[in-house]
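Colleague: I am new to this structure and would like a close look at a single part of it. Please take me through the largest pocket, and then through what lies around it.

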Amino acid sequence: MSDLLQALDAVIAERRGSGDPGSSYVAGLCYKGLDAILKKIAEESGETIMAAKDAQHGGDPTAVVKETADLWFHCLVMLSSLGLGSEQVMAELERRFGLSGIAEKSARGDRNPSTQGV
């Protein structure tokens, strides 16, 4: 899995750095700036939520997978635009793996339930 993420990181970085905004989606989105990328993440997040709600009520579960892929992709674009990549996210997930979310949050003094361990 990390091989695919590294390959996506590389393609996104290449297109962000030297792609033609007229012919590359990533180059065009990055050309518009971080706010445009974040708006796209918000849009994809909403679509993922709606697909999950639909699937819960008998809708197509593959829609959840497709929307999640869109969301993850746009998060990779955001990371790249900030000089980051999937390696940092994977390292953070690895750090949290096996930790109790409650214990991990407590060690950080974090009261936000959305930032739990894995």
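Modeller: Happy to. One term will help from the start: two residues are in contact when they have heavy atoms within 4.5 Å of each other. Please also keep in mind that this is a predicted model.

Let's begin with the chain as a whole. Its secondary structure consists of 6 helices and 0 strands, so read from the N terminus the order is simply α-α-α-α-α-α. The C-alpha trace spans about 45 × 35 × 30 Å along its principal axes. Of the 118 residues, 27% count as buried. If you take the contacts between residues at least 6 apart in sequence, 45% of them join residues at least 24 apart.

Now for the pocket you asked about. The largest pocket has a volume of about 410 Å³. It is lined by 15 residues, and those closest to its centre are Leu 5, Trp 72, Leu 76, Val 89 and Met 90. Three helices each give two or more residues to this lining: α1 (2-18), α4 (61-81) and α5 (86-96). The largest share comes from α4, with 7 residues. In terms of chemistry, 14 of the lining residues are nonpolar and 1 is polar, while none is charged.

Two of those helices also pack against each other. The axes of α1 and α5 are 9 Å apart and meet at an angle of about 150°. On the α1 side the contact is made by Leu 5, Gln 6 and Asp 9, and on the α5 side by Ser 86, Glu 87 and Met 90. These residues divide into 2 nonpolar, 2 polar and 2 charged. You may recognise two names here: Leu 5 and Met 90 take part in this contact and are also among the residues closest to the centre of the pocket.

From here we can step outwards to helix α2, which covers residues 25-32. Its buried residues are Val 26, Ala 27, Gly 28, Leu 29 and Cys 30, and they pack against α1, α3 and α4. So α2 touches two of the helices that line the pocket, α1 and α4. After α2 comes Gly 33, with a positive phi near 105°.

Next to that, have a look at α3, which runs over residues 34-56 and holds Thr 48. Is Thr 48 buried or exposed? Its relative accessibility is 12%, and because the cut-off for buried is under 20%, Thr 48 counts as buried. Apart from neighbours within four places in sequence, Thr 48 is in contact with Glu 67, Thr 68 and Leu 71.

Finally, a word on the cysteines. A disulfide is a covalent bond between the sulfur atoms of two cysteines. This structure holds 0 disulfides. Cys 30 is in none, as the nearest cysteine sulfur, that of Cys 75, is 13 Å away. A disulfide would need the two sulfur atoms within 2.5 Å. The surroundings of the two cysteines can be compared as well: Cys 30 is buried, with a relative accessible area of 16%, whereas Cys 75 is partly exposed, at 24%.

Technical notes:
Residues numbered from 1 in each chain as written. Predicted model: local features only at pLDDT ≥ 70, side-chain atom pairs only at ≥ 80, totals over all residues. Heavy atoms only, no water. Helix = DSSP H or I, 4+ residues; strand = E, 2+ residues; numbered from the N terminus. Buried < 20%, exposed > 50% of the residue type's maximum accessible area, 1.4 Å probe, protein only. 1 Å grid on protein atoms, 1.4 Å probe; cavity = no way out; pocket = protein on both sides within 12 Å on 5 of 7 lines; lining within 4 Å. Points joined across faces, edges and corners; volume = space filled by probe spheres on them. Nonpolar A, V, L, I, M, F, W, Y, C, P; charged D, E, K, R; others polar. Axes fitted to C-alpha atoms, helices over the stretch in contact; angles between N-to-C directions.
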